[in-house]
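The following exercises ask the reader to work through the packing and pairing of side chains in a predicted model. Each task is followed by a solution in steps.

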Amino acid sequence: MEPLRIAVIVGSTREGRVGDRIARWFVSRAAGRDGIELRVLDLLDYELPARYPKTPTPQVTAFAAEVGLAEAFVVVTPEYNRSFPASLKQAIDYAYDEWRAKPVGFVSYGHRSDGLCAVEQLRPVFCELHAVTMRDAVRLDLMHDQLDEDDHAVAAMLDQLAWWGLALREARAARPYVA
């Protein structure tokens, strides 16, 4: 069986961010797992326009194509002001059909709330795009560096993501998703 193609999306583009470090940590924890193939999509690597263009730019087209190739997603997001970053919302909006009938897991981080508010704000966004969000998530409190302690949370989220990813892969192959 082909491995499940998972895109790990680094959602912060702020100067001084830690999202890239957290994404690397997550990938190191998930990389040894059988049956998955991970690809990091760092939003810093895409020059997405500040305004939605009338005609998609090559960078928008490239990002949407990567989303389209993925069969599942892990969104690495900070919590800023009780929500997720604008750069992440902008990137999500640049793809549309590419998200449909695919599962989304979350690795969130912040102070005290561990990024929970960002994840709860993202769930209805992905629901509107006909994506399925995972119940379990990986949450990290930046006040207490816990990057060596959350293997259970990573495994639980990946178990759900793999189940949904494979089930939805089979469903999309059997019949096109219609919204």
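**Exercise 1.** Classify Tyr52 as buried or exposed, and describe how its ring pairs with that of Tyr94.

*Solution.*
Step 1. Exposed means over 50% relative accessible area. Tyr52 has a relative accessibility of 59%, and therefore counts as exposed.
Step 2. Buried means under 20%. Tyr94 has a relative accessible area of 5%, so this residue is buried.
Step 3. A pair of aromatic rings is described by the distance of the centres and the angle of the planes. For Tyr52 and Tyr94 the centres are 5.0 Å apart and the planes stand at 25°, and the pair is stacked.
Step 4. Tyr52 belongs to the loop between S2 and H2 and Tyr94 to helix H3, so the pair ties together parts that are 42 residues apart in sequence.

**Exercise 2.** Determine the geometry of the aromatic pair formed by Tyr46 and Phe63, and place it among the ring pairs of the model.

*Solution.*
Step 1. The count of aromatic pairs comes to 6.
Step 2. In the pair of Tyr46 and Phe63, the centres lie 5.3 Å apart with 75° between the planes, an edge-to-face arrangement.
Step 3. Tyr46 is in the loop between S2 and H2, whereas Phe63 is in helix H2, 17 residues apart. Both Tyr46 and Phe63 are buried.
Step 4. Ring pairs also link Phe73, Trp99, Phe106 and Phe126 into a cluster.

**Exercise 3.** Identify the elements that give two or more residues to the largest nonpolar core, and list what Phe73 touches.

*Solution.*
Step 1. In soluble globular proteins, nonpolar side chains tend to be buried together. The largest nonpolar core here has 29 residues, and those with the most contacts inside it are Phe63, Phe73, Leu88, Ile92, Trp99, Leu122 and Phe126.
Step 2. Two or more residues come from each of strand S1 (4–10), helix H2 (58–69), strand S3 (72–78), helix H3 (86–94), strand S4 (103–110) and helix H4 (116–128). H4 supplies the largest share, 5 residues.
Step 3. Leaving aside residues up to four places away in sequence, Phe73 touches Ile6, Ala7, Ile9, Val67, Glu98, Trp99, Lys102, Pro103, Val104, Gly105 and Leu161.
Step 4. Another core, of 23 residues, lies apart from the largest one; Val8, Tyr109, Met134 and Val138 are among its residues.

**Exercise 4.** Which residues of H3 are buried, and what covers them?

*Solution.*
Step 1. The buried residues in H3 are Ser87, Leu88, Ala91, Ile92 and Tyr94.
Step 2. Viewed down the axis of H3, these buried residues fall within an arc of 160°, so they line one face of the helix.
Step 3. An α-helix has 3.6 residues a turn, so residues three or four places apart point the same way.
Step 4. The cover over the buried residues of H3 includes S1, H2, S3 and H4.

**Exercise 5.** Locate Arg14, and state over which ring it lies.

*Solution.*
Step 1. Arg14 is found in the loop between S1 and H1. With a relative accessibility of 47%, Arg14 counts as partly exposed.
Step 2. The face of Tyr80 lies under Arg14, which is at 3.7 Å from the ring centre.
Step 3. Although Arg14 and Ser87 are 73 residues apart in sequence, they are 8.9 Å apart in space, C-alpha to C-alpha.

**Exercise 6.** For the salt bridges of Asp42 with Arg17, Asp159 with Arg33 and Glu66 with Arg39, state where the partners lie and whether they are buried or partly exposed.

*Solution.*
Step 1. Side chains of opposite charge can pair when their charged atoms come close. The whole structure holds 13 salt bridges.
Step 2. Asp42 and Arg17 meet at 2.6 Å, N to O. Asp42 is in strand S2 (residues 36–42) and Arg17 in the loop between S1 and helix H1 (19–30), 25 residues apart. Asp42, at 11% relative accessibility, counts as buried, as does Arg17 at 15%.
Step 3. Asp159 and Arg33 meet at 2.4 Å, N to O. The bridge links helix H5 (residues 151–174), which holds Asp159, to the loop between H1 and S2, which holds Arg33, 126 residues apart. Asp159 is partly exposed at 43%, and Arg33 is partly exposed at 26%.
Step 4. In the bridge of Glu66 with Arg39, the closest N and O atoms are 2.8 Å apart. Glu66 lies in helix H2 and Arg39 in strand S2, 27 residues apart. Glu66 counts as buried at 18% relative accessibility, whereas Arg39 counts as partly exposed at 47%.
Step 5. Arg5, Glu71 and Arg169 are joined into one network by salt bridges that share partners.

Technical notes: Residues are numbered from 1 along each chain as its sequence is written. This is a predicted model: local features need pLDDT of at least 70, side-chain atom pairs count only at pLDDT 80 or more; totals for chains, interfaces and linings use all residues. Side-chain values use heavy atoms; hydrogens and water are left out. A nonpolar core is a set of buried Ala, Val, Leu, Ile, Met, Phe, Trp, Tyr and Cys residues joined through side-chain atoms within 4.5 Å. Buried means under 20% relative accessible area, exposed over 50%, partly exposed in between (1.4 Å probe, protein chains only). Helices (H or I, at least four residues) and strands (E, at least two) are DSSP runs, numbered from the N terminus. Contact means heavy atoms within 4.5 Å. A salt bridge is a side-chain nitrogen of Lys or Arg within 4 Å of a carboxyl oxygen of Asp or Glu. The arc is that of the directions from the helix axis to the C-beta atoms. Rings of Phe, Tyr and Trp (its six-membered ring) pair if their centres lie within 6.5 Å; planes under 30 degrees apart count as stacked, over 60 as edge-to-face and the rest as tilted. A charge sits over a ring if NZ of Lys or CZ of Arg is within 6 Å of the ring centre and within 35 degrees of the ring normal.
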